[in-house]
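Please open the structure in your viewer and keep the sequence panel beside it, so that residues can be selected by number as the tour goes along.

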Amino acid sequence: MSTVENAPEGGSQTLSRGLTALDIIGSAETPVSVVELAQKLGIHRSMAYRLVKTLELHGFVEKTPSGSLILGIKLSTLARGVARTLQEAAAPALAEIAEELEMTAFLVAYDGEAAVTLRSAEPLHAQTTVAKKPGTRHSIDLGAPGHVIRSQLFPVEYPPQSFEFSKDEVLAGIASIAVPLVIPGNQPAALAVLYLPHEVDMDHISQVLRDASGRIVAAAG
């Protein structure tokens, strides 16, 4: 069981618990119950309910219809302020990818622990799209962009590929293709698309992503 009974020296125990709670909720593959959160934090259930209520009031946590916990919209707003130069450089390319491929395009970066979606774009006229909310996190062991980032971090163990493909790994019934986005001085990143699984030209999609990656690197440089 992970606990936060002792805050870092000179720090706030309450704040430490809150940040740890957000990390637990954001890293979980499925929504977390308050009871599960209390167990992971090593605190009494009543304390966990008070902590969750505070996070809810500030928009950092939301409850599903079943009462389980997911990250709130406030974190998406904060995420837009992270790596602002990279996001601004990527915005036009993401929009172009989304329209050309009629798929949701998104930018993912490594935050030191997980793959985090920084920005996304959906095609304007596609009949069906898959939303990808900025601020969402998942393990680098899951999903095409996670695999791309993992290869940048551990190239010997996971040799880099020209592109990565995944299906049903992060979201059930969703496929993804991703390529590396390497900018000196920045954390490992990936450029990716999401789509409902069907037969596609992966080589063409990956080439569109690589071309866009080159434009982003040039714009961010």
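What follows is a tour in several stops, each beginning with something to select.

**The whole chain**

Begin with everything shown as a cartoon, and keep in mind that this is a predicted model. The chain has 221 residues, of which 44% count as buried, and its elements are seven helices and eight strands. Among the contacts in the chain with a separation of 6 or more, 51% are made by residues 24 or more positions apart.

**Three helices: α1, α2 and α3**

Select residues 13-27, which form helix α1, together with residues 45-57, which form helix α3; the two pack at an angle of about 80°, and their axes are 11 Å apart. With that angle, α1 counts as roughly perpendicular to α3. Show the side chains next, and look for R17, G18, A21 and L22 on the α1 side, where they meet M47, L51 and L55 of α3. By class, the residues of this contact are five nonpolar, one polar and one charged.

Keep α3 in view and add residues 34-41, which are helix α2; the axes of α2 and α3 come within 9 Å and cross at roughly 110°. Here too the helices are described as roughly perpendicular, α2 to α3. From α2, the residues V34, V35, L37, A38 and L41 take part, and they meet R45, A48, Y49, L51 and V52 in α3. The contact of α2 with α3 is made up of nine nonpolar residues and one charged residue, with no polar ones.

**The largest nonpolar core**

Now select I97, I177, L191, V193, I205, L209 and I216, which are the residues with the most contacts inside the largest nonpolar core, a set of 31 residues. At least two residues of this core come from each of α5 (84-101), β3 (104-110), β4 (115-121), β7 (175-181), β8 (189-195) and α7 (202-220). The element that gives the most is α5, with eight residues.

Which residues is L191 in contact with, once its neighbours within four places in sequence are left aside? Centre the view on L191 and you will find L94, I97, F106, I177, A178, V179, L181, L209, A212, S213 and I216 in contact with it. There is also a second, separate core, which has 18 residues, and to see part of it you can select I25, V32, V52 and F60.

**Helix α6 and what covers it**

Move on to residues 144-153, helix α6, which is mostly covered, since eight of its ten residues are buried. Colour A144, P145, G146, H147, V148, I149, R150 and S151 to mark the buried residues of this helix. To see what covers them, display the strands β3, β4, β5, β6 (164-167), β7 and β8, which are included in that cover.

**Salt bridges**

For the last stop, show the charged side chains; the chain has six salt bridges in total. Select R137 and D23, whose side chains meet in a salt bridge with an N to O distance of 3.4 Å. R137 belongs to strand β5 (residues 137-138) and D23 to helix α1, so this pair ties together parts that are 114 residues apart in sequence. R137 is buried, with a relative accessible area of 18%, whereas D23 is partly exposed at 29%.

Stay with R137 and add E113, because these two side chains also meet in a salt bridge, at 3.7 Å from N to O. E113 lies in the loop between β3 and β4, 24 residues apart from R137 in strand β5, and the pair links distant parts of the chain. The relative accessible area of E113 is 53%, which makes E113 exposed. If you add D111 as well, you can follow one network, in which D23, D111, E113 and R137 are joined by salt bridges that share partners.

Finally, select R215 and E96, which form a salt bridge whose closest N and O atoms are 3.0 Å apart. This pair, too, links distant parts of the chain, with R215 in helix α7 and E96 in helix α5, 119 residues apart. R215 is partly exposed, with a relative accessible area of 40%, and E96 is likewise counted as partly exposed, at 42%.

Notes. Residues numbered from 1 in each chain as written. Predicted model: local features only at pLDDT ≥ 70, side-chain atom pairs only at ≥ 80, totals over all residues. Heavy atoms only, no water. Axes fitted to C-alpha atoms, helices over the stretch in contact; angles between N-to-C directions. Helix = DSSP H or I, 4+ residues; strand = E, 2+ residues; numbered from the N terminus. Parallel < 35°, antiparallel > 145°, perpendicular 65-115°, else oblique. Contact = heavy atoms within 4.5 Å. Nonpolar A, V, L, I, M, F, W, Y, C, P; charged D, E, K, R; others polar. Core = buried A, V, L, I, M, F, W, Y, C linked by side-chain atoms within 4.5 Å. Buried < 20%, exposed > 50% of the residue type's maximum accessible area, 1.4 Å probe, protein only. Salt bridge = Lys/Arg side-chain N within 4 Å of Asp/Glu carboxyl O.
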